[in-house]
Amino acid sequence: MNWFPLLAALAASLACAYFRSNLRTWTIAGFAAIFTVGVLAGSHWLAIALTALAFGLLSVPLNLDDFRRKKITAPLLGVYQKITPQISATERTALEAGTVGFEGELFSGKPDWSKLLGQPKPELSLEEQAFLDGPVEEVCRMTDDWQITHELADLPPEIWDFLKKKKFFGMIIPKQYGGLEFSALAQSAVLQKLMGISGSLSSTVGVPNSLGPGELLLHYGTQEQRDYYLPRLADGREIPCFALTGPTAGSDATSIPDYGIVCKGDWHGAQVLGVRLTFDKRYITLAPVASLIGLAFQMHDPEHLLGDKEHIGITLALIPRDTKGLEIGRRHFPLNGAFQNGPLHGKDIFIPMSQLIGGADMAGQGWRMLVECLSVGRAITLPSNASGGVKMGAIATGAYARLRKQFGMAIGRFEGVEEALARIGGHSYAITALSKATAAAVDRGEKPSVPSAIAKYHATELGRAVANDVMDVHGGKGVQLGPNNYAGRAYQTAPIAITVEGANIMTRSLMIFGQGAIRCHPHVLKEMQAAQIPDYATRLRAFDRELFAHIGFAISNAARSLVLGLTFAKIGNAPGDKYTRRYYRKLNRYAANLALVADSAMLLLGGKLKFKESLSARLGDVLSNLYIASAMLKRYEDQGRPVADQPLLAWAFHDCAWRMQNALDGVLRNFPIRPAAWLLRALVFPLGRREVPPSDRLGHRVASILMSPNEARDRLAEWTYLTPNANNVVGRMNALLPDVIAAEPIERKFAKARGQLTSLDAAAQLAEAEQLGAITADERKLLERVRAATAEFIAVDDFDPAELQSAVKHGKSPVLRSVA
């Protein structure tokens, strides 16, 4: 019993840590527990006194502010300033560019779910919905992707004209300049619908509304620049592109070698101050047809014509297509994608200062401008394209798996195919929720730098996985390219999204956790800022406040990780209904795990963590899947908690939990300081790893959703072009699905009667079965209609060899030329 006072102190400390009580509450609770439990348990007075003395020596000094600052914080501040890695100007710009949304709550280790569920439901306005139902529907009807990708290697002229006339390139431009001024959600919806019919079409529309001259002018352009260029961009008189990437500077955009020298030169017959540019760019989307080129370059002022500074830094400029010396190169051919893409070159091109975006005042601010805009653009275009692609893939593959028969049974009934269908459905649910969440964050006024990196990476990676599964289910149907193949081009071009707007390897290993660890952490950035305060007394107070809040934060996350691990995350307050409450509690556990392990990694590895990219990537995976799972739960709540969607939510959620567990396990297995790894494992997985992948039974339910008309399937297909017409094979196949299902019992009746039939011809067999009374006349007509349509949908294209030869040749290589 003499150990009871000590155990009481530990229990009180654990409880205070779990509930994140402050120092004073912890101290009072500790003393109260020691004396109360000690007396009630009959402990010796000496055991009670010694325990109280030891607890007091630990707790009381921490409650004395002046003593704590002078004796504890001040030495730690000195050590901190020596060991903290310096943040480069580039990194500082990236950190300061974005805002922190709900991802900050996930990094806190104790998410406030009311902040997520209190966010308004993302919805389109009446005007936006009308645009989706009108011009977007119309351009989808006009689109023949085989013509675009194989015959023209470009959009046909009538589609270019339609896009300009209906202001598809001006979705982000305010109405005062002639644009549509759509929300980010509306932009996402438009791109998703276009992507389902043609990736080339979606990319062409997406780029002018993403990172490029339009958005940069909106935020940083001079009034004169906005008044002139924005109306022309809105109505398509100007087609923009933005030239950032070069042969030696892709993901490392801050190292671009392209340069501009401040000097005087001739511009429209007058001598003006400007910049003489030399650059070499490639992979620039819309460059071959662009009339207005945005350019990023390093600006130098060796003659000090602007001031004392010689190296001014990254600057952004606008170059009209007819500028003397500008060379628009020939086209690239990105994996048979037909969107316009190519190189740009220039040597000693002169432009005036008025062509710098924002004028001379914004010279050298280009990196900040790019990072701030990219945090918005990255949140919309690529996640939306991925979302549109996977939804079309899910609808198409579910229908195909139901109508395609092997061994007398729909192929979707085979468990191997069910596995693929389950992954397609579950990943599609996750991607679409993630895409909508990031678009909604932009509409709330956030600059979601971390969520946009999460969305870009995971939407495109899961999108590629879905494309693989779609191809596996379709087999030869997906392999043989032609007008009737709706899967092949998406599979071919999937890697493009992986490489652009920050290559995925870099995004995962450097950006997500690299920015999230500092940007989303409740104390790290504040500690760094406090340590830089000039006045020592103020610096000490600020650092003391953040340091001890951080220490309490770390202890709390250790306690929460242990308690939630021991209880299988079945305790604690959580929102949701009976079905989803367990999901919120599980996310509480993994949020505490992430905060604990991330803090430990930053403390023990310090600046070395920056170079432990695999560890950073795995920690980023935990944060990412927390965010994705949160987005799915928000979607489920916004849609009114539909019971029919529960298999999709459950599959996708268990997949996220499985990935989080494995990512944490990967960190701990590879953590270089082994004793720390052992301790962390005891706190994170006190009863071992218990997550498992989604079950076969759950996968069967998801597959069943995709293979038959139902409300869950309809919700998954939101903003998908499914109008049945000549150019939309998936739309026609989807429209046939009810008849396919209605014909299945008739097929079984016919199969039973087959032994009585004498004819070998399929059509004659149906007539004979009707004569025998095995099927009715109406049933025969239904089977004939379904069989004919099925034969069309499972058919593949073939060509005369001459049809597959390049129509235009230059030497031995095909030359693709624009007809726009």
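So, the lining of the largest cavity: by class, that's 5 charged residues, 4 polar and 2 nonpolar. Keep in mind that this is a predicted model. Which residues are we talking about? Lining the largest cavity we have Gln192, Ser387, Lys391, Thr432, Lys436, Arg635, Gln639, Arg715, Leu716, Glu718 and Trp719. The elements giving two or more residues to that lining are α16 (381-403), α17 (415-443) and α29 (711-716). And the space inside comes to about 60 Å³.

How do you look for empty space in the first place? You roll a probe the size of a water molecule over the atoms, and that shows where empty space is left. How many cavities of 30 Å³ or more turn up here? The count is 2.

Okay, on to the second largest cavity, with about 30 Å³ of space. Its lining is made of Phe169, Ile173, Pro208, Gly214, Leu233 and Pro240. Sort those by class and you get 5 nonpolar residues, 1 polar and no charged ones.

Now let's go to the surface. There's a nonpolar patch of about 590 Å², made by Trp3, Phe4, Leu6, Leu7, Leu10 and Val37. Which helix gives the most to that patch? That would be α1, residues 4-19, with 4 residues. Take Leu6, which lies in helix α1. Why can Leu6 count towards a surface patch? Patch residues need over 30% relative accessible area, and Leu6 gets past that cut-off because its relative accessible area is 35%, which makes Leu6 partly exposed.

That's it from me, so go and find Leu6 in the structure above, in helix α1.

Definitions and conventions:
Residues are numbered from 1 along each chain as its sequence is written. This is a predicted model: local features need pLDDT of at least 70, side-chain atom pairs count only at pLDDT 80 or more; totals for chains, interfaces and linings use all residues. Side-chain values use heavy atoms; hydrogens and water are left out. On a 1 Å grid over the protein atoms alone, a cavity is a set of points where a 1.4 Å probe fits but cannot get out, and a pocket is an open set with protein on both sides within 12 Å along at least five of seven lines; lining residues have an atom within 4 Å of a point. Grid points are joined across faces, edges and corners, and a volume is the space filled by probe spheres set on the points. Ala, Val, Leu, Ile, Met, Phe, Trp, Tyr, Cys and Pro count as nonpolar, Asp, Glu, Lys and Arg as charged, and the others, Gly among them, as polar. Patches are made of residues with over 30% relative accessible area and no salt bridge: like charges are joined within 9 Å, nonpolar side chains (Val, Leu, Ile, Met, Phe, Trp, Tyr) within 5 Å. Accessible areas come from the Shrake-Rupley method with a 1.4 Å probe; for residues, only the protein chains shown count as cover. A salt bridge is a side-chain nitrogen of Lys or Arg within 4 Å of a carboxyl oxygen of Asp or Glu. Buried means under 20% relative accessible area, exposed over 50%, partly exposed in between (1.4 Å probe, protein chains only).
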